[in-house]
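This report introduces a single protein chain to a reader who has not met it before. Please look over the sequence and the structure before reading on.

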Amino acid sequence: MRDSSYTGYTPHIVPGVTPVDKITVESRVVACDGGKGALGHPTIYMRIEDREVTCPYCSRTYVLAEGAGDDGHH
């Protein structure tokens, strides 16, 4: 994931405005399309570096399940 302090890649969460949508996943690589079919957004692939990653389009947050994704960061 890019450094948000340099690129603004990570969305800024606004309480009461930004939807809180956390999805637990088993893999470090996740695909997000907004989940709304034709009304979603382009499919993007993100890599979870630490414990979670947030989609810059829809603010959906993917959280790595405990003990999952131990692939040696390859």
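In what order do the elements of the protein chain run from the N terminus on? The order is α-β-β-β-β-β. The model described here is a predicted one. Its secondary structure comes to 1 helix and 5 strands.

**The chain as a whole**

The protein chain has 74 residues, and buried residues make up 31% of them. Its accessible surface comes to about 5200 Å², and 52% of that surface belongs to carbon and sulfur atoms. Where contacts between residues at least 6 apart in sequence are considered, 44% of them join residues at least 24 apart.

**Strands S2 and S3**

Strand S2, residues 29-32, pairs with S3 in the antiparallel sense, over 4 bridges. Within this pairing, valine 30 has methionine 46 in S3 as its bridge partner. The side chains of strand S3, residues 44-47, alternate along the strand. Ile44 and Met46 point to one face and are buried, whereas Tyr45 and Arg47 point to the other face and are not buried. Methionine 46, the bridge partner of valine 30, is thus on the face of S3 whose side chains are buried.

**Salt bridges**

How many salt bridges does a search of the whole structure find? The search finds 4. The table below presents some of them, including the separation of the N and O atoms.

| Acidic residue | Basic residue | N to O separation |
|---|---|---|
| Glutamate 52 | Lysine 22 | 3.9 Å |
| Glutamate 49 | Arginine 47 | 3.8 Å |
| Glutamate 66 | Arginine 51 | 3.7 Å |

Glutamate 52 forms a salt bridge with lysine 22. This pair links distant parts of the chain, for glutamate 52 is in strand S4 and lysine 22 is in strand S1 (residues 22-25), 30 residues apart. Glutamate 52 has a relative accessible area of 40% and is therefore partly exposed. Lysine 22, with a relative accessible area of 57%, is exposed because its value is over 50%.

Glutamate 66 forms a salt bridge with arginine 51. This pair also links distant parts of the chain: glutamate 66 is in the segment after S5, and arginine 51 is in the loop between S3 and S4, 15 residues apart. Glutamate 66 counts as exposed at 74% relative accessibility, while arginine 51 counts as partly exposed at 32%.

In the remaining row of the table, the side chains of glutamate 49 and arginine 47 meet. Glutamate 49 is partly exposed, with a relative accessible area of 42%, and Arg47 belongs to the face of S3 whose side chains are not buried.

**Arginine 60 and threonine 54**

Is arginine 60 buried or exposed? Arginine 60 has a relative accessible area of 17%, which is under 20%, so this residue is buried. Arginine 60 is found in the loop between strand S4 (52-54) and strand S5 (61-64). Leaving aside residues up to four places away in sequence, arginine 60 touches Asp21, Ile23, Cys32, Gly34, Gly35, Val53, Thr54 and Cys55. One of these residues, glycine 34, is 26 residues from arginine 60 in sequence, and the C-alpha atoms of the two are 7.8 Å apart in space.

Threonine 54, which arginine 60 also touches, lies in strand S4. Threonine 54 is buried, with a relative accessible area of 11%. Its side chain makes a polar contact with the side chain of threonine 61, at 3.2 Å.

Conventions
Residues numbered from 1 in each chain as written. Predicted model: local features only at pLDDT ≥ 70, side-chain atom pairs only at ≥ 80, totals over all residues. Heavy atoms only, no water. Helix = DSSP H or I, 4+ residues; strand = E, 2+ residues; numbered from the N terminus. Buried < 20%, exposed > 50% of the residue type's maximum accessible area, 1.4 Å probe, protein only. Contact = heavy atoms within 4.5 Å. Pairing = 2+ DSSP bridges. Polar contact = N/O pair within 3.5 Å; in protein donor to acceptor, adjacent residues only side chain to side chain. Areas by Shrake-Rupley, 256 points an atom, 1.4 Å probe, with all protein chains shown as cover.
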